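Biologist: I'm new to this one, so take me slowly through the second largest pocket, then show me what's around the rest of the structure.

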Amino acid sequence: MYSILKTQGVLPLVTQINIETAQIVLQSAADAGIKIIEFAARATDAKEVFSQMIHFKKANNLEVKIAVGSILSVQDAETFHQLGADCIVCPHTDPEIGNYCFKNNIYWIPGAATLNEILHANKLGAEIVKLFPADKIGGPGYVKAIRAPFPNLKIMPTGGVTLEESNLKSWFKSGVVCVGIGSNLFTKEMMLDLSYEQSLKAFQNLIEVVKKTRN
């Protein structure tokens with residue numbers, strides 16, 4: 001999973017979508033060459049939508065891994081793992097969730113804000129740590145500062161990551177493994193009536209701008 005995220009350079013996130021939109025996102029992501037996306041399970045029907053996403057993915061032989069985010073409890077981690085999640089993403093670091101993921105061989109990306117929290121997540125076994133909310137706790141400058149004494153930190157900033165070249169370039173220059181991007185990729189307005197063509201173009205543009213800003 002680490003190599004996929006490092007190569008792709010970005011973890012696109014979608015949330016609070018119906019199954020029709022979810023199918024459009026999955027198909028267009030696969031067609032654009034996206035290898036992993038994150039589905040944030042925040043809505044009341046998240047389990048039902050995710051279950052249908054897995055069914056659609058298998059029925060159409062789509063080579064897209066699905067991480068499930070906004071996981072707050074070990075119970076939800078277990079539920080989504082059993083439904084077919086490839087990765088569990090949290091806004092915080094919960095040892096119980098981490099322990100469940102390691103026991104069941106599912107990739108775990110916990111969230112952290114401070115250097116001590118990041119190091120704690122690493123000690124619990126996390127390889128990549130989600131820095132959240134990245135823009136509110138210092139941005140790229142903060143990442144560069146904490147990586148100075150700990151250059152091996154593998155960080156994925158989420159929150160405040162945009163599609164602007166200057167923004168992405170500053171994050172990658174700070175040494176992050178990949179970035180997480182959600183509302184700046186698909187706005188709420190776009191999600192209300194998302195077409196396959198719109199979604200495909202968004203993913204293609206995302207791949208292009210990430211590749212350009214990393215070089």
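Modeller: Two helices, α1 (2-8) and α10 (196-214), each supply at least two residues of the lining of the second largest pocket. Helices here are DSSP runs of H or I with at least four residues, strands are E runs of at least two, and both are numbered from the N terminus. Keep in mind that this is a predicted model: local features need pLDDT of at least 70, side-chain atom pairs count only at 80 or more, and totals for chains, interfaces and linings use all residues. Residues are numbered from 1 along each chain as its sequence is written, and side-chain values use heavy atoms, leaving out hydrogens and water.

Back to our pocket (on a 1 Å grid, an open set of points for a 1.4 Å probe, with protein on both sides within 12 Å along at least five of seven lines; lining residues have an atom within 4 Å of a point). About 200 Å³ of space lies in it, a volume being the space filled by probe spheres set on the points, which are joined across faces, edges and corners.

Who lines the second largest pocket? From the early part of the chain come I4, T7, Q8 and V10, then G33, I34 and K35, and from much further along I207, V210, K211, R214 and N215. Helix α10 gives the largest share, four residues. Sorted by type, that lining has five nonpolar, four polar and three charged residues. (Asp, Glu, Lys and Arg count as charged; Ala, Val, Leu, Ile, Met, Phe, Trp, Tyr, Cys and Pro as nonpolar; the others, Gly among them, as polar.)

Now set that beside the largest pocket, with about 550 Å³ of space. Its lining has 24 residues, and L13, T15, R42, G182 and S183 are the ones nearest its centre. By type, the lining of the largest pocket splits into nine nonpolar, 12 polar and three charged residues. Strands β1 (10-15) and β9 (179-181) each put at least two residues into that lining, and so does helix α9 (188-192).

Those two strands also lead us to a sheet. β1 and β9 belong to an open, parallel sheet of six strands, in the order β5-β4-β3-β2-β1-β9; strands pair if DSSP finds at least two bridges between them. Its edges are β9 and β5 (107-109), each of which pairs on one side only. At the β5 end, β4 (residues 87-89) pairs with β5 in the parallel sense over three bridges, and I88 has W108 of β5 as its bridge partner.

There's another open sheet too: three strands in the order β6-β7-β8, again with parallel pairing. The edge strands here are β6 (111-112) and β8 (155-157), each pairing on one side only. β6 meets β7 (residues 129-131) over two bridges in the parallel sense, with A112 opposite L131 of β7.

Finally, look at the backbone in two loops. Just past β7, the peptide bond from F132 to P133 is cis, with omega near -10°, and P133 sits in the loop between β7 and α7 (139-147). Q16 is in the loop between β1 and α2 (19-32). Though Q16 is not a glycine, its phi is positive, about 50°.
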